[in-house]
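Me: Could you take me through one part of this structure slowly, starting from the whole chain? I am new to this, so please explain the terms as you go.

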Amino acid sequence: MKNIDISVIMGVYNEKIEWVEKAILSIINQTYTNFEFIVILDNPQNEELKNLISEFSLKDKRIKLYVNEENIGLINTLNKGLKLAKGKYIARMDADDISCGDRFEKQINFLEQNNNIVLVGGLNEYIDVLIPRGGENLIKSVVKNATIPVIETGTGNCHIYVDESADFNMAIE
C-alpha cells in the first residue's frame, strides 16, 4: 500500500450544493493525485449534502465521508479531520472555495525542495463576490506592504506565498 502524501480536510455544514460540488471537483481533478480527501458533514440533517458527497465517494475512493452525530462547529470538525488524517501533509479546503488544478503539485514540490518551510498558502482570487470600492487596492496593499517577507513561487492566477521570517515562525508556534 502506497503512503498518502496529502490529507485534504474539508468541513461542510449548510453550504449551497453547487458550491460544494465545485469544491469537490476542484480537489479530485488535481494534477497531483496521491491524497485522501476527508469530508466531514457537520450537519447530520442535511440529506442533500450527504447524498452529494456520498455519490462522489462511491466514484472516487480517495473521498472519505464522515458525518458528525450533531453539530460540533468548524474548529472541532477540523480537529476531528486532523485525527483521521494519514498524510504526510495536511491541506485545508473550505466547502465554498475552488482550488486551482495544480495547487497540490506546486505546494508539495515547493515543500519537498525547501525543508525549512513548514507552511504554504494561496492568495485568493475572488469569484462572484462584490468587493467594496477600494477593496482591490486594500488587498494589493496588504501584500505589498507586508511587515514580513513574502516570496511568490507560483505562476498565473495560482500563487503560493511563503514566508521564511523568524517573526512568522514565532507567530505560528
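Reply: Happy to! Let's begin with contacts, meaning heavy atoms within 4.5 Å. Among contacts in the chain between residues at least 6 apart in sequence, 75% join residues at least 24 apart. Keep in mind that this is a predicted model, where local features need pLDDT of at least 70 and side-chain atom pairs count only at pLDDT 80 or more, while totals for chains, interfaces and linings use all residues. Residues are numbered from 1 along each chain as its sequence is written, and side-chain values use heavy atoms, with hydrogens and water left out.

The chain has six helices and seven strands (DSSP runs numbered from the N terminus: helices are H or I with at least four residues, strands E with at least two). Of its 173 residues, 35% count as buried (under 20% relative accessible area, with exposed over 50% and partly exposed in between, using a 1.4 Å probe and protein chains only).

Now for the close look, at helix 3, which spans residues 74–84. Its buried residues are Thr77, Leu78 and Gly81. They sit on the same side of helix 3 because they cover an arc of only 95° around the axis (the arc of the directions from the helix axis to the C-beta atoms). On the other side of helix 3, Ile75 and Lys83 are exposed. What covers the buried residues includes strand 1 (6–12), strand 2 (35–41) and strand 4 (89–94).
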